[in-house]
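Here is a note for a colleague who is opening this structure for the first time. Please keep the sequence and the 3D view side by side while reading the points below.

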Amino acid sequence: MAVYRLCVTTGPYLKAGTLDNISATLVGTCGESPKQRLDRVGRDFTPGSVQKYKVRCSADLGELLLLRLHKERFAFFRKDSWYCSNITVIAPDGTVIPFPCYQWIEGYCTMELRPGTGGPEEKDALYCGSLLGLEMGWKIYAPGFPRMVDVSSFEEMESDKKFALTKTIPCADQGDSPGNRYLPGFPMKIDIPSLLHMEPNTRYSATKTASLLFNAIPASLGMKIRGLLDRKRSWKKLDDMRNIFWCHKTFTTEYVTEHWREDNFFGYQYLNGVNPVMLHCLSSLPSKLPVTNDMVAPSLGPDTCLQTELERGNIFLADYWILADAPVHCLNGRQQYVAAPLCLLWLNPQGALLPLAIQLSQIPGPDSPIFLPTDSEWDWLLAKTWVRNSEFLVHENNTHFLCTHLLCEAFSMATLRQLPLCHPIFKLLLPHTRYTLQVNTIARATLLNPEGLVDQVTSIGRCGLLYLMRTGLAHFTYTNFCLPDSLQARGVLTIPNYYYRDDGLKIWAAIESFVSEIVGYYYPCDDSVQQDLELQAWVSEIFTQAFLGRESSGFPSRLCTPGQLVKYLTAIIFNCSAQHAAVNSGQHDFGAWMPNAPSSMKQPPPQNKGTTTLKSYLETLPEVNVTCNNLLLFWLVSQEPKDQRPLGTYPDQHFTEEVPQRSIAAFQSRLAQISRDIRERNQSLPLPYTYLDPHLIENSVSI
Ligand SMILES: CCCCC/C=C\C/C=C\C=C\[C@@H](C/C=C\CCCC(=O)O)OO
Ligand SMILES: [Fe+2]
């Protein structure tokens, strides 16, 4: 007789316990135990409980390979889902074998858990591991988009019609649907049915949902009661915009309100604002921007000239070419407008980045004057405000939503569908996929839906958003995706006071070093990477579903060496965590003063100089209701709803061996040091840069 002792931990979450019958079968190299019901006196599997059971076998099972967990009906009770954290088995000789689970188990099923110690070569020894997301289907949301989760596949799962591994719904953007409706108190339509089905392992926790609603409902109702969401007229005074969010002021919102007109601050935002990825160093001017030395001489001063500054690498361009053919639509029944500016900047000898010239269209000519700091105050301010509007559109749609939210959704899907639970890359990436499918489903149901928030607040509306994202993806490259390569390619490695770059590179290096240790442990040679078929299927699925198989993107379709795997994983973790924080968390800070980030413009870009006044400026900016709807969103998404997990925190112990656990501890201590360094640096800055403080970065895209 051999007795195995099992220690079963149920998660401490709301409704994590189960009334269903739970049994276990142990499978080892020398045989299999009988199926043993896990049942003690009193209630089993209550939330947060750690309970002990015995499994008796006629003989020793040898090395344990698998634990089968059976969840079955109990008496007349209904199915009751269970969050199983982990099961530890103590063999008759005292050996402790952890079986990590950390997931919701729904319905009646048998689930196979593998010991937490397996590398890729071991998991193939007997059984292929379970796939968490086998049933999740891909959906083609719109042509040219990264593919997304098909939430209707969850309904099918519930009705036990399982999806095939390869099934993709060829169902493009369907436009409006009967479930897409206005709800009392909310300014936009909400597609309720698409919110109702979400697989329990990917949906927001009760805490997170409650926290989001707790923020959203009072803020929205508060604005509604004040009449701000229904006021379809222009602002009468700039000062009236100060108190839209009187109770949500931050140090940065006040700093922006104070400094928004200054050229210095305009340049600063290209480095440390919410969209710090736009600048390219120029060695010569593009022909579409015919700026002359005479135009910029007053800004450059007597000691230098444009050609010299180009040669010195001090001239930079922000080019909004992507907006040139973007569709525009109407807000409050009024036609809106979009520009496609070129903004030329100079890094001066004091280390400040200053705008030198702005052309609001991609086609030079008499109808597209080049605006200069020497123009009238209102002409120059309006030109800069047009650039800020272009920044808003490119930032929200491309830098933020496409390049973090949507790409990270595709990484999550491929990870859940292609890598078994026991795979080391699954264990490494799972924490960086937390809640991404859910937040994007919420975004699609409230922002991207017909008459959703994007249609209510932006000049380009939903059609423009679809256009920008498909054009953005068609031009997105592996170089853009990898921070060190992107900075190098843009020629911005030596600009001073570029805190996004400095903090980002430190975090990149910490992630890279952590990932190198994990990869080094599980993948000792090129063959181990090349022969891991699940890993290759995962890379290939990302290539086809996220990047639509476009070779010129430079994204790999297979990986050949541990070094390539390290870079790929580092980039994925960085973009799911730090990059999202850098482009998400400052939206309220930099956008609460609306003229700094207008979501729409309701007069055409000026074709002449000398015509702008305060009145025409105010008539160009969005109306009161458009402004307030947008600020509501900025405020909501700038704060992570409760139930946060900062970068590098891994409370679920998927890795049970000592080596990866040491690597996790080393990673955490590196991040803590980076955090201390950033806090110290910030003490001497007039405007602290906090978005890449590791303690404030979430592990995954979850808002
Ligand atoms: C006013 C009520 C809004 C309720 C919605 C709550 C949360 C939204 C969920 C997810 C948001 C995700 C992203 C969206 C970012 C960009 C989308 C494009 C926006 C635009 O073009 O205006 O934010 O983190
Ligand atoms: Fe976000």
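1. A good place to begin is the pairing of strand 20, residues 353-359, with strand 21, which runs in the antiparallel sense over two bridges, and within this pairing I358 stands opposite F371 of strand 21. Please bear in mind throughout that this is a predicted model.

2. These two strands belong to an open sheet of five strands, which follow the order 15-16-19-20-21 with antiparallel pairing. Its edges are formed by strand 15 (280-281) and strand 21 (370-371), each of which pairs on one side only.

3. Two helices lie across this sheet, and they are best described by the strands that they cover. Helix 6 lies across strand 16 (315-319), strand 19 (342-347) and strand 20, and its direction makes an angle of about 95 degrees with strand 20. Helix 7, residues 293-300, lies across strand 19, strand 20 and strand 21, and runs at about 155 degrees to strand 20.

4. Helix 6 also takes part in another packing arrangement, since the buried residues of helix 5 pack against helix 6 (263-272) and helix 20 (587-591). In helix 5, which spans residues 251-259, the buried residues are T252, T253, Y255, V256, T257 and H259.

5. A second open sheet has four strands in the order 5-1-7-8, again with antiparallel pairing. Strand 5 and strand 8 (96-105) are its edge strands, each pairing on one side only, and the twist from one strand to the next averages 20 degrees.

6. Strand 5 deserves a closer look, residue by residue. Strand 1 (residues 2-10) pairs with strand 5 in the antiparallel sense over eight bridges; among the partners, C7 is bridged to K52 and V8 is bridged to Q51. Along strand 5, residues 50-57, the side chains of Q51, Y53, V55 and C57 point to one face and are buried, whereas those of V50, K52, K54 and R56 point to the other face and are not buried. This fits the general pattern, because side chains in a regular strand alternate between the two faces of the sheet.

7. The protein is divided into domain 1 (2-113) and domain 2, which is made up of the two segments 116-273 and 393-703. The C-alpha centres of the two domains lie 36 Å apart, and 16 residues of domain 1 are in contact with 15 residues of domain 2.

8. Which residues hold the iron ion (ligand 2) as protein donors? They are H400 (NE2), H405 (NE2), H580 (NE2), N584 (OD1) and I703 (O), at 2.1 to 2.5 Å from the ion, and along the chain they follow the spacing H-x4-H-x174-H-x3-N-x118-I. The arrangement counts as octahedral because the six donor atoms around the iron ion (ligand 2) subtend angles of 74 to 178 degrees. For comparison, the ideal angles for six octahedral donors are 90 or 180 degrees.

9. Two of these donors, H580 and N584, lie in helix 19 (residues 562-584), where they are four residues apart, or about one turn of the helix. Both H580 and N584 are buried.

10. Finally, S553 is found in the loop between helix 18 (533-545) and helix 19, and S553 counts as buried because its relative accessibility is 1%. Apart from its neighbours within four places in sequence, S553 is in contact with F476, T477, Y478, F543 and F547. S553 and L473 are separated by 80 residues in sequence, while their C-alpha atoms are 9.0 Å apart in space.

Conventions: Residues are numbered from 1 along each chain as its sequence is written. Chains are lettered from A and ligands numbered from 1 in the order in which they are written. This is a predicted model: local features need pLDDT of at least 70, side-chain atom pairs count only at pLDDT 80 or more; totals for chains, interfaces and linings use all residues. Side-chain values use heavy atoms; hydrogens and water are left out. Buried means under 20% relative accessible area, exposed over 50%, partly exposed in between (1.4 Å probe, protein chains only). Two strands pair if DSSP finds at least two bridges between them. Donors are N, O and S atoms within 2.8 Å of the metal (3.2 Å for Na, K and Ca); water is not among the atoms, so sites may look incomplete. Four donors count as tetrahedral if all angles lie between 85 and 135 degrees; four count as square planar and six as octahedral if opposite donors are over 155 degrees apart and all others between 65 and 115; anything else is irregular. Contact means heavy atoms within 4.5 Å. Axes are lines fitted to C-alpha atoms, for helices over the stretch in contact, and angles run from 0 to 180 degrees between N-to-C directions. Domain bounds come from an automatic or database domain assignment.
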